[in-house]
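Here are some notes on the model, set out as numbered points. Please read them with the structure open.

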Amino acid sequence: MRTPTKADLDAHELLKAELRIRGTSLAQIARELGVSDSALTLVGKRMCRSQRIEAALALAVGKSPQDLFPTCQEEGETMT
């Protein structure tokens with residue numbers, strides 16, 4: 001598992017704000033996907049990767065997964 005940078009943490013806070021503006025939350029999306037809240041937090045902070053979670057978060061804020069989670073040189077551990 002990679003350690004998040006300040007930029008990763010800032011992006012996570014912006015993601016949470018976007019979700020609140022759109023009337024949802026990490027917890028709500030976690031329930032819809034049937035995963036733990038912490039799984040979304042790990043993906044949101046770029047500590048782990050999950051295409052399924054990244055796609056759901058991107059859809060919730062109206063962006064593509066590539067725009068929301070640009071590939072970085074040091075990728076996190078992949079979750080299913």
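1. Leu42 is partly exposed, since its relative accessible area is 22% and a residue counts as buried only under 20%. The model is a predicted one, and this value is computed from it. Leu42 lies in helix α3.

2. What does Leu42 touch, leaving out residues up to four places away in sequence? The partners are Met1, Met47 and Cys48. As for His12, its C-alpha atom is 9.6 Å from that of Leu42, and the two residues are 30 apart along the chain.

3. Ala7 belongs to helix α1. Ala7 has a relative accessible area of 53% and is therefore exposed, the cut-off for that class being over 50%. Between the C-alpha atoms of Ala7 and Arg46 the separation is 9.9 Å, with their positions 39 residues apart along the chain.

4. On the overall make-up: the chain contains five helices and two strands. Their order along the sequence is α-α-α-β-α-α-β. Helix α4 takes part in each of the three helix pairs discussed below, with α3, with α1 and with α2.

5. Helix α3 covers residues 37-44 and helix α4 covers residues 51-61. Their axes are 10 Å apart and the packing angle is about 80°. Angles of 65 to 115 degrees count as roughly perpendicular, so α3 and α4 are placed in that class. On the α3 side the contact is made by Ala39, Leu40 and Val43, and on the α4 side by Ile53, Glu54 and Leu57. By class, these residues are five nonpolar, no polar and one charged.

6. Helix α1 spans residues 6-21, and its axis comes within 9 Å of the axis of α4, crossing at roughly 55°. The pair is therefore oblique. The crossing of α1 and α4 is left-handed. From α1, the residues Leu15, Glu18 and Leu19 meet Leu57, Ala60 and Val61 of α4. Sorted by class, the contact of α1 with α4 has five nonpolar residues, no polar ones and one charged.

7. Is the crossing of α2 and α4 left-handed or right-handed? It is right-handed. Helix α2, residues 26-33, packs against α4 at an angle of about 130°, and the axes lie 11 Å apart. That angle makes α2 oblique to α4. Leu26, Ile29 and Leu33 are the α2 residues of this contact, and they meet Arg52, Ile53, Ala56, Leu57 and Ala60 of α4. The division here is seven nonpolar, no polar and one charged.

8. Leu57 of α4 deserves a separate mention. Leu57 appears in the contact with α3, in the contact with α1 and in the contact with α2. Ile53 is listed for the contact with α3 and for the one with α2, while Ala60 is listed for α1 and for α2.

9. Finally, the totals for the chain. What share of the 80 residues counts as buried? The figure is 34%. The chain exposes about 4,900 Å², of which carbon and sulfur atoms supply 52%. Among contacts with a separation of 6 or more, 58% are between residues 24 or more positions apart.

Technical notes. Residues are numbered from 1 along each chain as its sequence is written. This is a predicted model: local features need pLDDT of at least 70, side-chain atom pairs count only at pLDDT 80 or more; totals for chains, interfaces and linings use all residues. Side-chain values use heavy atoms; hydrogens and water are left out. Axes are lines fitted to C-alpha atoms, for helices over the stretch in contact, and angles run from 0 to 180 degrees between N-to-C directions. Helices (H or I, at least four residues) and strands (E, at least two) are DSSP runs, numbered from the N terminus. Angles under 35 degrees count as roughly parallel, over 145 as roughly antiparallel, 65 to 115 as roughly perpendicular and the rest as oblique. Contact means heavy atoms within 4.5 Å. Ala, Val, Leu, Ile, Met, Phe, Trp, Tyr, Cys and Pro count as nonpolar, Asp, Glu, Lys and Arg as charged, and the others, Gly among them, as polar. Buried means under 20% relative accessible area, exposed over 50%, partly exposed in between (1.4 Å probe, protein chains only). Accessible areas come from the Shrake-Rupley method with a 1.4 Å probe; for residues, only the protein chains shown count as cover. A crossing is left-handed if the near helix is turned anticlockwise from the far one by less than a right angle, and right-handed if clockwise.
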